[in-house]
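Reader: I am new to this structure. Please take one part and go through it closely. I would like to know how its helices pack.

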Amino acid sequence: MRSLQDGFLFHLHTIKTGWTATTMASNQLVHLYAKHGFIQEAHKLFDEIPDRNVFSWNTIISACIKSNNLTEAQALFNTASQKDLVTYNSMLSGYAGTEGYETHAFSLFVEMQKLPSRVGIDEFTLTTMVNLTAKLSLASYGKQLHSYKVKTGNDRSRFALSSLVDMYSKCGCFEEAYKVFQGCGDVLDLVVKNAMVAACCRKGEMEMALSLFWREPEMNDTISWNTLISGHVQNGYEETAMKLFIRMGEDQVRYNEHTLASVLSACAGLRSLKLGKEAHTWVLKRGFTSNPFISSGIVDVYCKCENMKYAERVHSANGIENTFSISSMIVGYSLQGSMLEARRLFDSLVEKNVVVWTALFSGYLKSQKCEAVFELLREFSVEEGIVPDALILVSVLGACALQAFLDPGKQIHGYVLRLGLKMDEKLISAMVDMYSKCGNLRYAEKIFWTVMGRDLVLYNVMIAGYGHHGHVNKAVKLFQDMLEKGLKPDAVTFIALLSACRHGGLVELGEKYFNCMLKDYHILPEIDHYACMIDLYGRANQLEKAVEFTKAIPVKQDAVILGALLNACKLNRNTKLARETEKKLLSIEGDNGARYVQLANVYAAEGNWTEMGRIRNMMKGNSVKKLSGCSWVYVDCGVHAFTSGDITHSKAEAIYSLLDFLTAELLELSKFV
């Protein structure tokens, strides 16, 4: 019985003739029905078999497991009159592969070790358990299983070796994984090779991954290429991933959905609309648009490239209920500051997972809507309870840092410690940044120095913290420590260093760092680097240098650079140069009320009230409005924004009581200054 039709005809014939099929024929028919999804029919036929053998039980148990009906499979297993190693292995595999049944798998494995030798344990049993330890990251248990494999001689097949490499890699034991791979001998097996390449990618050892990949390249299959391309994307080497994809086509290796998913991730990481459109074309040609991961990947590319028009079209065409696609849309709208649209999509979801919650938190933070971040956290606590994702806490800590709210930040820190959440690199960096910007440098330092494997981001945050608090020497010393650890600085590092020099008035040191950026580290200065240098010269009363430096800037002068120069004019009381800068600045940002106020303040600092009045009149004549300045205060376990003289706020009485207290404190302190 090779086809379902043959099975139906055979079954019909037995019913019509009243003939009882043999146990073997019935077993084949049960297997055929189960294979094609007719589980109820398979179960009914199984119940009718008069003389069931072990194959009958194995067939129906396996069918229930494959249909994700583990409860029924477990009931059949417990009542089975005959069991062999296949029966136990089927049940073990079902437990190991089903979320929430891992402890059942360990219990069954222990039970199997007590069975008679005729049942025993084989390579499949041990490999299943090794894969389970990899899934749960239980390195110590995995090592015991490895020893058991060696003792019983079940460690030599390619599947056994690849599972061991995979287990050690996922448990963070890269050296052990490589030792297993080296133990394969001179004969290179493709399955083991692919497992080792994946381990290298997981560890970030991309040179080793490439070296292994190009050993006997004729062996490489689609899985090999996909593993390498995906690994480069995950480690931030998107350009290399795209080159490998092109080479894959040149070598006439067939693409599949996994390949295109990685390529789309690379396009999104590169923010390349051109490459994204080309990848979209490949997807359309190969008919992969029905895959939800692929379609959401296309949406993600257009969102990251800030082309929401294309993103909306793809999102609508592929079904608006794709959670991954909606998450990308929320991120896309957030990047453009369209938080009303982002929130509308968020509210449209019946079930919200951690991905969409995180996307909305990140969006509010990027738009600097800190009150919305705190409000969303309260909403999350009510609907979801415990915050399981570190990225949500990173957003909340970012909001605390933006508004210098120390108490809520400390509460988040305490929350992390109480729950025993894993402090990954992003969460640690966010915690250090929060304490630093909230004025508690001692806490920031304490967390920083307790981290063993400090990365570049953490060093950048701490250097910026020292600079912000005027500890220039500490910032410089930490930079040297970073170099000694073998970390290569990036553009953010030099912004932090130049900012520290700016606060300390160290012109020569600032010039040294600015010049070594390109010369020693091949980092092209960006707008923020130029603005820092102009501000440094302005604060050091070296306006001539600031002017000459501005003229030599190779990029087009924008509002940030001109704003820094205008501030330098204010500090040096040079209204003539301020007037020249004014024309350029207003031609770029003539509708920005804050720029008019900045100009008015320049003339006011010089005592030139006529010019100040002229700027005020220009502002009125052009109908430019400056947004009302507001302040934030933490009162009654919440963050509240208020404007000067506002008595309509629901917490007005508490806010003004706190302001009176702070004013009294400042007056008292001023007596000692």
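Author: What follows starts with one helix pair and then turns to other parts.

This is a predicted model, in which local features need pLDDT of at least 70, side-chain atom pairs count only at pLDDT 80 or more, and totals for chains, interfaces and linings use all residues. Residues are numbered from 1 along each chain as its sequence is written, and side-chain values use heavy atoms, with hydrogens and water left out.

Take helix H6 (residues 85–96) and helix H7 (residues 102–112). Helices here are DSSP runs (H or I, at least four residues), numbered from the N terminus; strands are E runs of at least two. H6 and H7 pack at an angle of about 155 degrees, and their axes lie 7 Å apart. An axis is a line fitted to C-alpha atoms over the stretch in contact, and angles run from 0 to 180 degrees between N-to-C directions. H6 and H7 are therefore roughly antiparallel (over 145 degrees; under 35 is roughly parallel, 65 to 115 roughly perpendicular, the rest oblique). Their crossing is left-handed: the near helix is turned anticlockwise from the far one by less than a right angle.

Which residues of H6 and H7 make the contact? From H6 come Leu 85, Tyr 88, Asn 89, Met 91, Leu 92, Tyr 95 and Ala 96. H7 brings Glu 102, His 104, Ala 105, Leu 108, Phe 109, Glu 111 and Met 112. Contact means heavy atoms within 4.5 Å. By class, there are 10 nonpolar, 2 polar and 2 charged residues. Ala, Val, Leu, Ile, Met, Phe, Trp, Tyr, Cys and Pro count as nonpolar, Asp, Glu, Lys and Arg as charged, and the others, Gly among them, as polar.

Now another pair. Helix H17 (residues 273–286) and helix H18 (residues 292–304) pack at about 160 degrees, with axes 10 Å apart. That makes H17 roughly antiparallel to H18. H17 passes H18 in a left-handed crossing. Leu 273, Gly 276, Lys 277, His 280 and Val 283 of H17 meet Ile 294, Ile 298, Val 301 and Tyr 302 of H18. This contact has 6 nonpolar, 2 polar and 1 charged residues.

Aromatic rings come next. The count comes to 24 aromatic pairs (Phe, Tyr or Trp rings, Trp by its six-membered ring, with centres within 6.5 Å; planes under 30 degrees apart are stacked, over 60 edge-to-face, the rest tilted). One is Phe 448 with Tyr 459: the centres lie 5.4 Å apart and the planes meet at 85 degrees, so the pair is edge-to-face. Phe 448 lies in helix H27 (residues 441–450) and Tyr 459 in helix H28 (residues 456–468), so the pair ties together parts 11 residues apart in sequence.
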